[in-house]
Amino acid sequence: MTDSSTLLASQLSSRLDAVTRLEVFDSAGRAAGDPRGLAEKFVARLRARGIDPGEILAVALPNGPEFAAAFIACVRLGVTFAAINPSLPPSELQERVRVADATGVLSAGGTLVRRRPNRQPGGVYPTLVLFTSGTLGGARAIALGELGLLSVVDSHHAALGYPRGTRILGCLPWTHAFGFTLEFLMGVLNGARLRSVPPASFNEILNVDRPEVLFGVPRALSGIPDQVLTSLQGGIVGGAPIRGQLRERLKRTRLCVGYGQTECSPGVTLGRPGEWERDDFLGRPLGCEVMLGPPDHDGETELLVRGKNTALGQLSGGSMRPVVTAEGWLPTGDLAIPTGDGGYVFRGRSDERFKLDNGRMVNPVPLELSFDDRVLLIGAGQSKVQPLVRGDIPPDFHLPVPHRPPRTMPESFWVACTTSSGKVSRRRAEELFKSS
């Protein structure tokens, strides 16, 4: 590895060693001891298998002490930790291993398999590989460096300010950026008491094991009682737009809105505690530069990010291509408008806009806002927009674009279209509607 890579590896390893005690509980709430002890055993096993610094290890482990120990072991060895959701079908898991170009695979129970001989030395070695959610297509492997991860951890912890020993209970997957950096890594480096549980049992366990800080997506928070939300000392809500009834409920809490992408390690913007005055608010830049690109032919502006938090690149079977421009800007694909006080409001995805058969381009997100997440608009290539409704059709329904009569869709349709983060995938909705 290069000198700069070695320096950064030493920085993260030193910070992990400096924490007085690491506490990562299993999903049942049982203490498993400091994961650094188990990490030493992983280090010995990886060395015995000849997995050397600069190689990539695919790790398919659930949230918990074993996951933490495997990450610490990789940091100490200078091995890239490629986090893969262990609940994926075997074919998808193997595809992600291939895309990450992993030398070996570590899975449940500590099973360690070597895939192929050592990779050739040279090039830039990431600390972490995370896969995007793949909401609008195939998941992509994003290579992240320690500089980016630590910049997000430090800027966001300074904003939240929770002390050592803080109880954090969550259900975010640590194989995705939000859960890995802001719940897991920030918690570990700042001495939090971490416990992660399956989403299905999250609300039940909340009533028994009350956390002090919480990180979650809108879908998970919607089912949490107000008395639990208002008792929290802080935390971040992100991963999907927050609007309507949930936004109103969050006004009485100390939770912050957060926005980011896997390519940004993932933190980009953050709101103030209890700042929930606008639907789809993204917060203000934190630890990086943010600007809006020039208006496109529809007058929409794309959010651009530049800073230490941006990814090293995107991996694909042994090669890595940059995700930023020559000037260092990352085009996010998210459309936004300024608030006038340094913040931004989400206006949809550039690739979610669709064109009617007369050439008219429709940006559905602003048109859906007034319906409080009850209406989804589709209609690519059609003569009119097709509104899909969840629940009762709003009285006096109207849109400022040509549209068909709204169609009420069953709850099973909405469940099938909703991702793990709580987003309703317009692409999936369009496909399901066409096949119905």
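Which residues line the largest cavity? I began my notebook with this, keeping in mind that the model is predicted. I found that Arg 21, Leu 22, Glu 23, Val 24, Phe 25, Ala 31, Ala 32 and Gly 33 line the largest cavity. I then sorted the lining by type, and its residues divide into five nonpolar, one polar and two charged. The volume of the largest cavity comes to about 30 Å³, and I noted a count of one cavity of 30 Å³ or more.

Entry on confidence. Before going further I looked up how sure the predictor is, and the protein averages a pLDDT of 90, with 95% of the residues scoring at least 70. I marked residues 1–9 separately, since over this stretch pLDDT stays under 50. For residues 1–9 the model has seven contacts beyond four places in sequence.

Entry on the cysteines. How many disulfides does the structure hold? I looked for them and the number is zero. I wanted a reason for at least one cysteine, and I took Cys 264, whose closest cysteine sulfur is the one in Cys 288. The two sulfurs are 6.8 Å apart, and a disulfide needs them within 2.5 Å, so this pair is too far for a bond. I also checked burial, and Cys 264 counts as buried because its relative accessibility is 0%, where buried means under 20%. Cys 74 counts as buried too, at 1% relative accessibility.

Entry on the loop between E12 and E13. Where is Pro 266 found? I placed Pro 266 in the loop that runs between strand E12 (256–260) and strand E13 (267–270), and I noted that Ser 265 lies in this loop as well. The peptide bond from Ser 265 to Pro 266 caught my attention, as it is cis, with omega near 0°. Ser 265 has a further feature to record, namely a phi near 70°, which is a positive value in a residue other than glycine. Is Ser 265 buried or exposed? I wrote down that Ser 265 counts as buried, because its relative accessibility is 1%.

Entry on Thr 269. I moved on to strand E13, where Thr 269 lies, and Thr 269 counts as buried at 1% relative accessibility. Leaving out residues up to four places away in sequence, I listed what Thr 269 touches, including Val 257, Gly 258 and Tyr 259. I added that Thr 269 also touches Leu 282, Gly 283, Arg 284, Pro 285, Leu 286 and Val 290. I looked up one distance here as well: the C-alpha atoms of Thr 269 and Cys 288 are separated by 8.5 Å, while the two residues are 19 residues apart along the chain.

Entry on Asp 396. I came to another positive phi in a residue other than glycine, near 55° in Asp 396. Asp 396 is found in the loop between strand E24 (386–389) and strand E25 (407–408). Is Asp 396 buried or exposed? I recorded Asp 396 as exposed, because its relative accessibility is 77% and the cut-off for exposed is over 50%.

Entry on helix H6. Why is helix H6 described as largely enclosed by the rest of the structure? I went through residues 177–189 and found that 13 of the 13 residues of H6 are buried, so the helix is largely enclosed by the rest of the structure. Just after H6, I noted Gly 191, which takes a positive phi of about 70°.

Key
Residues are numbered from 1 along each chain as its sequence is written. This is a predicted model: local features need pLDDT of at least 70, side-chain atom pairs count only at pLDDT 80 or more; totals for chains, interfaces and linings use all residues. Side-chain values use heavy atoms; hydrogens and water are left out. On a 1 Å grid over the protein atoms alone, a cavity is a set of points where a 1.4 Å probe fits but cannot get out, and a pocket is an open set with protein on both sides within 12 Å along at least five of seven lines; lining residues have an atom within 4 Å of a point. Grid points are joined across faces, edges and corners, and a volume is the space filled by probe spheres set on the points. Ala, Val, Leu, Ile, Met, Phe, Trp, Tyr, Cys and Pro count as nonpolar, Asp, Glu, Lys and Arg as charged, and the others, Gly among them, as polar. Buried means under 20% relative accessible area, exposed over 50%, partly exposed in between (1.4 Å probe, protein chains only). pLDDT is the predictor's confidence in each residue, from 0 to 100. Contact means heavy atoms within 4.5 Å. Helices (H or I, at least four residues) and strands (E, at least two) are DSSP runs, numbered from the N terminus.
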